[in-house]
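Here is a quick tour of how the pieces of this model touch one another. Have the structure open while you read.

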Amino acid sequence: MIYEIVHTTVYDYDGRASFARCQLHLEPATRDGQRVLAHALEISPKPVESTRSRDFFGNLSVNLAFAEPHQTLTIRAVSTVEAAPGRPAPMLSEPWEAVRAAAAGSQDLGSSSPVHGLFGARHTPVSEEAAAYAAVSFAPGRPTVEAVSDLMRRIHADFAYDPRATEVSTPVAEVLASRRGVCQDFAHLMIAGLRSLGLPALYVSGYLRTVPPPGAEALVGADATHAWVSAWCGAGLGWIGFDPTNAILAGEDHVILAVGRDYADVAPSSGVVLSSAGHTLSVSVDVRPV
Amino acid sequence: MSTTAPLPAHTDRAPALLAGYRPLPGIRDELVDEAGRLRPHWRPVLERLVGDPEEVERAFALADRHQRDSGVYYRVYDEGESRERTWPLSHVPLVIPDAEWSAIAAGLVERAELLDALLRDIYGPGRLAGDGALPAALAAGSPDFLRPMVGLPNPGSRRLQVYAADLGRGPDGRWWVLGDRAQAPSGMGYALENRVALSRALPELYGAMNVRRLAPFFQTWRSALAAQAGREASRICLLTPGPLNETYFEHAYLSRYLGFLLVEGGDLTVRDGAVFVRTIAGLKRVDVLVRRLDAEFADPVELEHSSQIGVPGLVEAVRAGKVVLANPLGAGVLESRALLGFLPSLARKVLGRDLSLPNIATWWCGQPAEREHVRAHIETLAIAPAFSARPGWPLAPEPTPGFELDAQARARLDALLERRPFDVVGQEVVRLSTMPVWRDGRLEPRPFTLRAYVAATENGWEVLPGGFCRVSGSADARALSMQLGDRSADVWITAGEPVEEVTLLPSPAQPAIRRVTGYLPSRAAENLFWLGRYLERAEATVRVVRCLAGLLVESNEAAGPAREAVGRLCDLLLAWGAAAPASGPGAPAIIDQALRSSFSAGSVLRLLGEARRTASVTRDRLSTDAVRALADLAALFEHEGVSVTPAESLDLADQALRVMAAFSGLVQENMNRLSGWRFLEIGRRIERGVLTGRCVRRLAGLEADPASLDALLEITDSQITYRSRYLMGALRLPVVDLVALDDGNPRAVAFQVARIQDHLAALSNLPTHAALDLPQKIALQLATTLRVTDVQDLGHDDILAVENRLMELSTEITARFFAQTPPPAEERA
């Protein structure tokens, strides 16, 4: 399945922004079975500096600097991507305890190593509470994929999708208590739960197709950037995408934008602005099959 | 060497001093051996201490006063509040003979070599992980494993630039490394300051013991940093988190000592991959950053997004290879406790030999066998986070002996060892050796640790001969922290023969003569400007108070010729906010409030508080004596609540003016005529011009009585000039001419404007500005106005207009020179 994705970000400053520096994660990479056929970035005003690089996790990032005073910053990313074909959940996987031991004993420090998914980060601190919630799915000896899928389904069942309940900075502990949130919160919660049990998990930001196939219901989280979880299921299976917001494995409806330890690693745009006043941010995402 | 020590008069006290000294059972002591005999290298120290006890106390008091006066402090945080605390110096130095130190130094160099190799591998090819020599989870688990830094170019052959090790001596007499420091090791500045204080307190002893000097290390390190810049005139900055950091004093002290520019994140900006400092002359390139800011907070764009103290784009500058950081971002990965468990085997693999300076035994529970060892020996081991404690670590963040864990903590630890064993280490419990401290005329043994420093140079590693010694406050020491009220001691490495004399006073490391020491950061300029303004306002307030108190002491307030002048002076103090209208009836209450109230924002007490605050953030630019004078000044006013008579206030005002004169003298005589001094001066001149204008309007209006005119002459210190010119009593027009228009009178408004013009002209000689800038235009207009106005035409409104124009000048100077550094408004996606 091939998609054309238009991702538009607009910052409106209340005053004038005199200098700004930011980093974008808006260009998908060819990876994990997906292929990027075209990509273009339109930015207004024109940045004085623009540097594209590939980060540790293989994501493509662009660093920008703006010197011209401006009141509005518009970033439009247009990508054409062939999504990875969906694959069924593997029937067989190692017991989760074996996967845990293998991750801790890994001899690989490279970017695909499970060790990078083991440790807490700003949005995904390990905690006894997250461990306790996740542990219900992890009976001794249970195959890893089955246990992780169960955790995913429990989050989908236990938590209400509610965009007004949380914001970017809402901690996992609060989401766990209120049982509400959005895709980002569910991904962070699931990651915190897995890591608290000693299992490697990473955060994936990306897109979902907006228009469902005829007769199917639209998936939740399609009109903005989406987020899900990549869990390491042992040396043989490697990293597998789990979408707790929709209780499905990541498949041909999902386009990967960037992978990191949590949202902060892969925020579509992050940075600083020299400005006296606040700003409003509006984002629109359109994902269409072509 | 003991033969060169001066023989004391009271040698018979030596046995008594030693007899009262009782080392702890089973613990090694530095001063005496197992049999209680004095170790020979300590003999000169002991002989010095057995002198007249009062004389010894006096010498130590000298050291304390030096520390206090030079403003050596660190910041302590308790219950959400932070305050500055003077540095507690333990007066007895730690003595280590040169021969013993050489072995320690060699061991430190070996460790530096190993850690540098690890750092290069972790951020480079990652071979040690692939070989199984270093578990990947151990590197990846550190919060200081900064992924944006992986694979970046490394200017120079080494990554590690400065390394510190916390050392302790075990019961067997061997030195052990308790922990490695590579993030941004602190304490070198305190070590220097301890040395200055103690060598002044005990000069003969210091000279006689041939103590190795610290200065050559710093000179070598400075040259090594400069050499890496790859430019002829390199600019080195010390990046501090700012004045709220607990060791800010040290940052200021070191940068002044080494001749580096002290900068905060907001002073720096990245353009086209290079780092620049914002100065009063525009952006200037920075080649080397000595980093005292934790890496995590160093760049809000690519590291911690919420950091307000970093430099946006710094990681990009590193990626572009256009700046050298000492230490590089990510070096903190070497500080993980878990790493200590692997250094012995890594040393054999990487260096091909065992470490001669070993670290304490450490078991990383990320490996099954080690985890079982820790479980089995938990009663005799200390339990600690494998990396620095993250949110979610369920136990105490510092090493805790296993036997101290209660049932609940044990249960949490067991769960952690099951789920995330790689977060835990077990370490052997350390029993530190003791050294003597002086208490109430006696010596007592106290456990201590020693932080030692190593710097990378072109010719290998350089070790600081000495270090930063922390002495526990109690006899039982497992955890040592300065925050908990411990003391620090100087460390004397004693050579067998006289050492080469090298001064500790600031001296250029390079032989080239330089007249210009670089550009002034805008933030420092602004602070000096405000220091000038606050000080001048405080001085003017004291002058008015002194005049008022004098009138009250001489005459009866209620009646007599001074009545009107008293009223006008009170109005003046109320009008500029020195005292509040509700301060109570009568002039004495207003006087008291103007001097010492903590409630009115314009009281001398409050103004001096502001002056000290601005001085404390520009400590690197003021002389020690000037800082001391400010401390003395503030101390005069810190007795709120005691009611005083006008006569006492008069005396206080006199004292204060004397100290202020001393400060002005120090600034005039000792501060280099660089731009920093000019901004301090401009601040003073603007404030003096405005306040003199106000005095003229209040005291020399059309209705002014002779006593008020006399008061104006006194406040502006112009009586002598007036009397020598006019052989008559104070008359309005001559007085106004003298204090407003006469540009030969150092206190006249016109004189202030002329000086401001001079300073602005000198500042604009800085390159890139040809035409008059706005501040210069305003100053010129003001000077012209004052020049062409006849005194009989100078009315109330004209003076007010001059004051307003001066305030405008202040605003324009701010815009012209300082405005580049608004605290960046942080916006996050």
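Two residues count as in contact when their C-beta atoms, placed from the backbone, lie within 7 Å. Keep in mind that this is a predicted model.

Let's start with the two chains. Their contact takes 41 residues from chain A and 34 residues from chain B. On the chain B side, the elements that give two or more residues are α5 (127–130) and α6 (136–140) of chain B. The largest share there, four residues, belongs to α6(B). Sorted by class, that side of chain B has 16 nonpolar, eight polar and ten charged residues.

Next, the domains. Chain A is assigned domain 1 (2–83 + 267–289) and domain 2 (96–265). The C-alpha centres of these two domains of chain A sit 24 Å apart, and their contact takes 21 residues from domain 1 of chain A and 21 residues from domain 2 of chain A. If you look at the domain 1 side in chain A, β1 (2–27) and β14 (279–289) of chain A are the elements giving two or more residues, and β14(A) gives the most, with six residues.

Chain B is assigned five entries: domain 1 (1–208 + 331–360 + 434–498), domain 2 (214–329), domain 3 (361–428), domain 4 (525–671) and domain 5 (673–819). In chain B, 40 residues of domain 1 are in contact with 34 residues of domain 2. On the domain 1 side of that contact, β1 (73–78), α7 (188–201) and β18 (442–457) of chain B each supply at least two residues. Here α7(B) has the largest share, seven residues.

Here are the two domain 1 sides by class:

| Side | Nonpolar | Polar | Charged |
|---|---|---|---|
| Domain 1 of chain A that touches domain 2 of chain A | 13 residues | four residues | four residues |
| Domain 1 of chain B that touches domain 2 of chain B | 23 residues | ten residues | seven residues |

Finally, zoom in on a helix pair in chain B. How do α16(B) and α19(B) run relative to each other? Helix α16 (residues 522–554) and helix α19 (residues 604–616) of chain B pack at an angle of about 160°, with their axes 9 Å apart. Angles over 145 degrees count as roughly antiparallel, so α16(B) and α19(B) are roughly antiparallel to each other. The crossing of α16(B) past α19(B) is left-handed. Contact residues include W530(B), L531(B) and Y534(B) from α16(B), and L607(B), L608(B) and A611(B) from α19(B). By class, the residues of this helix contact split into eleven nonpolar, three polar and two charged.

Methods
Residues numbered from 1 in each chain as written. Chains lettered and ligands numbered in written order. Predicted model: local features only at pLDDT ≥ 70, side-chain atom pairs only at ≥ 80, totals over all residues. Nonpolar A, V, L, I, M, F, W, Y, C, P; charged D, E, K, R; others polar. Domains from an automatic or database assignment. Axes fitted to C-alpha atoms, helices over the stretch in contact; angles between N-to-C directions. Parallel < 35°, antiparallel > 145°, perpendicular 65-115°, else oblique. Left-handed = near helix turned anticlockwise from the far one by under 90°.
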